[in-house]
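Colleague: I would like a close look at one part of this model. Please start small and work outwards from there.

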Amino acid sequence: MGAYRLLLESPLGRRIERVLLVGRPTLSRPVGALLAREDVATAAVRPAPVAWYEPGRRRERVLTSWAEAAAFTGRAAPGWAEAWQEAGAAADDAVARLLSAGTTARATGPAVAAAVWEACRRDGAVLVAGSSNPVRDLDLAARPGPGSPLVLANRGLAGIDGTVATATGAALGAGRPVRALLGDLTFLHDVSSLLLGPGEREPDLQLVVLNDGGGGIFTTLEHGAVGEQEEYREVVERFFGTPHEARLDALCAGYGVAHRRAAGVAELERALTAPVRGRSVLEVVVDRRGLRDLHARIRAAVAQAAEQAAARTADER
Ligand SMILES: Cc1ncc(C[n+]2csc(CCOP(=O)(O)OP(=O)(O)O)c2C)c(N)n1
């Protein structure tokens, strides 16, 4: 977790020579791009057979033991690990600084993710990460360390479906409070999972819904670039932004679930200090129009931090 995926695009990232793949890569495009690089030798370690592996589908050489994996990776040049760690710490700090500037004003997805992460770390709630931006925001802004929460996420076909049910099941199954971070469309898609039959046990579940009135992720992808052109703006918004004005408070009232709205990160942080008891929805209203620009600023801040860290490392030598 952290800014690693942005560092892969920095000069330091371009010095990577070998990649050992453990498990299955799904989420992040920079990781996919790294694995596809012609100048990078790749191998996948798979000591035991796994059901999802289809021979011939990936280009990495398959290694069946950790000894082979160690032989493949070899030893990095002296100072490499330190340079990477230093760049990572500098980039994480740069992201945190950028996100906390304007904390009291409008919330952003990554800032909300960081607040939700810290709340789970504090009170030990299991964290369910919704697909689309929330899981990526957590990947970027959460600071792992001692006491990091248990994180669950649905991957499958990377669908946004079933997330409320997943979080409900996790809370009932784990017997521990669960906090889920999910987008508004993800919430709306599965809102009927809020229905609780008479006599059913109520889980301790807080759904933090990042409401940007539609699908924000597409703004950050290629669709967003097309949508910046005047002639395509409306159609991209209609088909990919899929805007809506659904009232989450009214939906929650219909299902008998408590609802509260937080206007900014400071208010969200205050609301997150309350223990998770029974079911509730904490809605944070954000604006997805600035998302493309926000991610460009995050990328620029990480690139600058990586450059400065590299200069410091060079001076120390
Ligand atoms: C079942 C299903 N339908 C459609 C999609 C395509 N899809 C991916 S992300 C997304 C938008 C999700 O919007 P939201 O939950 O509000 O999160 P945001 O993008 O705003 O972070 C959609 C529709 C999907 N992944 N799964």
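Colleague: In which sense do β2 and strand β3 (residues 61-63) pair, and over how many bridges?

Modeller: They pair in the parallel sense, over three bridges. Before going on, note that this is a predicted model: local features need pLDDT of at least 70, side-chain atom pairs count only at pLDDT 80 or more, and totals for chains, interfaces and linings use all residues. Residues are numbered from 1 along each chain as its sequence is written, and side-chain values use heavy atoms, with hydrogens and water left out.

Two strands pair if DSSP finds at least two bridges between them. Strands (E, at least two residues) and helices (H or I, at least four) are DSSP runs, numbered from the N terminus.

In the β2-β3 pair, Ala 43 stands opposite Arg 61 of β3. β2 (residues 41-45) also pairs with β1 (residues 18-22): the two run parallel and are joined by five bridges. There, Arg 18 faces Ala 41 of β2. β2 is mostly covered, with four of its five residues buried. Buried means under 20% relative accessible area; exposed is over 50%, and partly exposed lies in between (1.4 Å probe, protein chains only).

Now widen the view. The chain is divided into domain 1 (1-76) and domain 2 (88-296). These bounds come from an automatic or database domain assignment. The domain centres, taken over C-alpha atoms, are separated by 29 Å. Ten residues of domain 1 are in contact (heavy atoms within 4.5 Å) with 15 residues of domain 2.

Arg 5 comes next. Arg 5 is in helix α1 (residues 4-7). Its relative accessibility is 14%, so Arg 5 counts as buried. Its side chain reaches the backbone oxygen of Arg 136 at 2.7 Å. Beyond neighbours within four places in sequence, Arg 5 is in contact with Ser 28, Pro 30, Arg 136, Asp 139 and Leu 140.

Arg 136, Asp 139 and Leu 140 lead to helix α7 (residues 133-141). Eight of the nine residues of α7 are buried. Among them are Asp 139 and Leu 140. To place α7, look at the sheet it packs on.

An open sheet of six strands runs in the order β5-β4-β6-β7-β9-β8, with parallel pairing. Its edge strands are β5 (151-153) and β8 (258-262), each paired on one side only. Neighbouring strands are turned by 20 degrees against each other on average, direction ignored. α7 packs on this sheet, touching β4 (126-129), β6 (178-183) and β7, and its direction makes about 115 degrees with that of β6. Axes are lines fitted to C-alpha atoms, for helices over the stretch in contact; angles run from 0 to 180 degrees between N-to-C directions. Helix α8 (residues 163-174) packs on the sheet too, touching β4, β5, β6 and β7, at about 170 degrees to β6.

Take β4. Val 126 and Val 128 point one way, Leu 127 and Ala 129 the other way, and all are buried. β4 runs parallel to β6, joined by four bridges, and parallel to β5, joined by three. Val 128 has Ala 180 opposite in β6, and Leu 152 as its bridge partner in β5.

Then β7. Strands β7 (residues 205-211) and β9 (residues 279-285) pair in the parallel sense over seven bridges. Leu 207 of β7 stands opposite Val 281. Leu 207 counts as buried because its relative accessibility is 2%. Beyond four places in sequence, its contacts include Val 164, Ala 167, Ala 180 and Leu 182.

That leaves the cores. A nonpolar core is a set of buried Ala, Val, Leu, Ile, Met, Phe, Trp, Tyr and Cys residues joined through side-chain atoms within 4.5 Å. The largest holds 47 residues; Val 112, Val 116, Val 208, Leu 268, Leu 272, Ile 298 and Val 302 touch the most other members. This core draws at least three residues from each of domain 1 and domain 2. Val 302, leaving out residues up to four places away, touches Ala 3, Leu 6, Leu 7, Ala 91 and Val 95. A second, separate core of 19 residues includes Val 178, Leu 205, Leu 248 and Val 281.

Terms used:
A polar contact is a pair of N or O atoms within 3.5 Å; within protein, one must be able to donate a hydrogen and the other to accept it, and residues adjacent in sequence count only if both atoms are side-chain atoms.
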